[in-house]
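Biologist: Please take a close look at the aromatic rings in this structure, and tell me how they are arranged and what surrounds them.

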Amino acid sequence: MLDRRTFLAASLAAVPALRGARAAEPGLLRIGYQKNGILVVAKQQGIIERRLDSLGHRVRWVEFSFGPPLAEALSVDGLDFGLLGDAPPIFAQAGRSNLVYVAAQEGGGSGAGILLPKGSTLRSLADLKGRRVAFAKATSAHNLTVAALEKAGLSYTDIEPVLLAPADAAAAFARGSIDAWTTWDPYLAIAEEQDGVRVLALASEITPQNNFLVANKAFAEAHGPVLTAAIDALGEVAAWCRQNRGDVAAILSQGTGVPLPATRRAVDRNDFVIGPMTPRVTAEQQAIADRFYALKLIPKPIHVADAVWTAPARNG
């Protein structure tokens with residue numbers, strides 16, 4: 001089982017200068033991203049760099065394998081901005097992080113699901129009872145697993161949770177040492193290409209899942225126009241992605257090294273949209289936080305709205 005310190009150490013090992021880099025490098029926006037989605041496209045196109053040039057800011061991109069280490073990096077001033085699934089910001093806020101929500105990607109978590117290995121006899125979510133189900137702790141897969149159990153009338157104690165980072169879960173899945181694996185794209189799409197692997201259920205069949213653009217609170221308060229410009233740029237990228245899915249798949253495959261067939265599968269079910277933190281989205285996130293607290297997976301109740309950033313007024 002990987003703990004919080006191991007998560008962070010593994011993801012920041014290649015970038016030891018991240019912590020405390022703010023004072024040494026003014027005019028820098030550090031963006032954390034994962035191997036999928038809109039940020040990879042934006043990185044390949046250079047649109048944020050062009051938009052921020054007039055504001056005197058450069059961009060540094062830092063790759064993470066999954067959300068919790070990215071959230072932790074934001075908390076310790078190792079990053080300024082990034083994209084997360086629904087659960088990592090909740091765990092971060094419960095841990096007194098200074099992370100804030102700055103925008104939402106509604107339905108951005110649609111590329112997630114529960115996978116079954118070759119030879120599995122499971123046919124329904126109810127069949128997960130008593131089974132070893134792998135997922136990464138404090139991620140959207142954690143929330144999806146809990147929601148799937150609720151949908152099937154099961155409780156969290158009805159399964160044996162196996163808490164593994166995506167790469168370790170993939171290895172366990174390949175060995176047949178787990179009965180099911182809850183994950184997201186591109187891991188989901190890659191596994192679907194394997195012989196005999198089945199999807200027990202996709203996120204779209206279980207519960208709505210949103211992604212969130214988040215920021216370090218101190219950076220957001222000091223550099224609101226920079227964040228607003230970056231979010232606007234990503235809105236343009238999202239609009240382009242919706243109209244050019246074939247090109248998006250090619251860009252993502254080139255930028256991540258994930259085979260093109262798997263990337264096409266992931267792109268086809270991705271909702272490319274960037275929008276504000278509406279009351280409805282905030283309420284959906286609050287419901288997830290309440291679920292985690294009820295299960296004692298976070299140490300205290302939280303109020304999601306307390307971590308929603310208010311963008312500065314635009315001139316004109």
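Modeller: In this predicted model, the charged end of Lys296 sits over the ring of Tyr293, at 4.3 Å from the centre of that ring. Turning from a charge over a ring to rings beside rings, a search of the whole structure gives five aromatic pairs. One of them joins Phe91 and Phe292, whose arrangement is edge-to-face, with 5.0 Å centre to centre and 65° between the planes. Because Phe91 belongs to helix 6 (residues 87–94) and Phe292 to helix 14 (residues 279–294), this pair ties together parts that are 201 residues apart in sequence. Phe91 and Phe292 are both buried. Another pair is made by Phe173 and Trp181, which counts as tilted because the ring centres are 5.5 Å apart and the planes stand at 50°, an angle that falls between the limits of 30 degrees for stacked and 60 for edge-to-face. Phe173 is buried, with a relative accessible area of 3%, and Trp181 is likewise buried, with a value of 3%.

As for empty space, the search of the whole structure finds two cavities of 30 Å³ or more, and the largest holds about 390 Å³. Its lining consists of 28 residues, and Gln34, Asn36, Trp184, Asp185 and Asn211 are the closest to its centre, so an aromatic residue, Trp184, is among those named there. By class, the lining of this largest cavity has ten nonpolar, 16 polar and two charged residues.

Note on methods:
Residues numbered from 1 in each chain as written. Predicted model: local features only at pLDDT ≥ 70, side-chain atom pairs only at ≥ 80, totals over all residues. Heavy atoms only, no water. 1 Å grid on protein atoms, 1.4 Å probe; cavity = no way out; pocket = protein on both sides within 12 Å on 5 of 7 lines; lining within 4 Å. Points joined across faces, edges and corners; volume = space filled by probe spheres on them. Nonpolar A, V, L, I, M, F, W, Y, C, P; charged D, E, K, R; others polar. Phe/Tyr/Trp six-rings, centres within 6.5 Å; stacked < 30°, edge-to-face > 60°. Helix = DSSP H or I, 4+ residues; strand = E, 2+ residues; numbered from the N terminus. Buried < 20%, exposed > 50% of the residue type's maximum accessible area, 1.4 Å probe, protein only. Lys NZ or Arg CZ within 6 Å of the ring centre and 35° of its normal.
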